[in-house]
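Let's take a walk through this one together. Have a look at how the two chains meet, and then we'll follow the trail inward.

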Amino acid sequence: MDINLLFKIAAVGILVAVLHQVLVRAGREDQAMMTTLAGLVIVLSMVIQQISSLFNTVRTLFDL
Amino acid sequence: MADISKIIGIGLVGLIIIVILKQYKPELAIYVSMAAGVIILVYAIEELTGVINLLQSISNKTYINSSFLKILLKITGITFITEFAVSICSDAGEKAIASKIEIGSKVVIITMSIPIITSLLELVVEILP
């Protein structure tokens, strides 16, 4: 929950960027697009989990 | 002392990561800023529990009926979340969406604060001769 979430997102981002370059060099543009989208989806799911936990904390605390 | 340094630490680490990520993957920079914002907000909100309990205990002692305090707490909660969303949207460059969110939250807050306004008016009417 803490700082390592940021490091995870950074790691996924850089990995996806490197994979994209490698696949583009290898001539497979469509798979490069797939890996980029997959990376984005993974990061999005991680961030959305954190946002939902934030909303639940606020809801329970301020009894919204 | 540790709390503020933790918050600043998370913010700075997030900033560094965003600067690095911006060269390779600009679209992921928004996610990192969102994640850092969420972590800091959750941490800050957990600090608020003591304050809220204190407010509730004070309001029980005094004659202020607790429904007003409940509405006030709800409004602070709403402003917390809307400020989070507005800053993320304007950070990403979407000022239009940010202002729409702001307008929506203002509407919600006004509709929630109607009971307070009506009771205030009744009080004023009673006081006037």
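First, a bit of vocabulary: a polar contact is a pair of N or O atoms within 3.5 Å, and within protein one of them must be able to donate a hydrogen while the other can accept it. Keep in mind that you're looking at a predicted model. With that rule, chain B and chain A have 1 residue pair in polar contact, counting pairs with both residues at pLDDT 80 or more.

The elements of chain B that give two or more residues to the side touching chain A are α1 (2–24), α2 (26–61) and α3 (66–91). The most comes from α2(B), with 16 residues. Sort that side of chain B by class and you get 24 nonpolar, 4 polar and 6 charged residues.

Now zoom out to the whole contact: 34 residues come from chain B and 27 residues from chain A. Together the chains bury about 2,800 Å², and 87% of that is on carbon and sulfur atoms. What about charges? The interface has 1 salt bridge. Asp63(A) pairs up with Lys74(B) in a salt bridge, their closest N and O atoms 4.0 Å apart.

Next, head for the largest nonpolar core, which has 35 residues; Leu54(A) and Phe84(B) are among those touching the most other members. Both chains feed this core: α1 (4–25) and α2 (29–62) of chain A, plus α1, α2 and α3 of chain B, each give two or more residues. Its largest share, 13 residues, belongs to α2(B).

Try finding Phe84(B): beyond its close sequence neighbours, Phe84(B) is in contact with residues including Ile51(A), Leu54(A) and Met34(B).

Conventions. Residues are numbered from 1 along each chain as its sequence is written. Chains are lettered from A and ligands numbered from 1 in the order in which they are written. This is a predicted model: local features need pLDDT of at least 70, side-chain atom pairs count only at pLDDT 80 or more; totals for chains, interfaces and linings use all residues. Side-chain values use heavy atoms; hydrogens and water are left out. Contact means heavy atoms within 4.5 Å. Buried area is the accessible area (1.4 Å probe) that two parts lose on being put together, summed over both. A salt bridge is a side-chain nitrogen of Lys or Arg within 4 Å of a carboxyl oxygen of Asp or Glu. A polar contact is a pair of N or O atoms within 3.5 Å; within protein, one must be able to donate a hydrogen and the other to accept it, and residues adjacent in sequence count only if both atoms are side-chain atoms. Helices (H or I, at least four residues) and strands (E, at least two) are DSSP runs, numbered from the N terminus. Ala, Val, Leu, Ile, Met, Phe, Trp, Tyr, Cys and Pro count as nonpolar, Asp, Glu, Lys and Arg as charged, and the others, Gly among them, as polar. A nonpolar core is a set of buried Ala, Val, Leu, Ile, Met, Phe, Trp, Tyr and Cys residues joined through side-chain atoms within 4.5 Å. Buried means under 20% relative accessible area, exposed over 50%, partly exposed in between (1.4 Å probe, protein chains only). Lists of a residue's contacts leave out its neighbours within four places in sequence.
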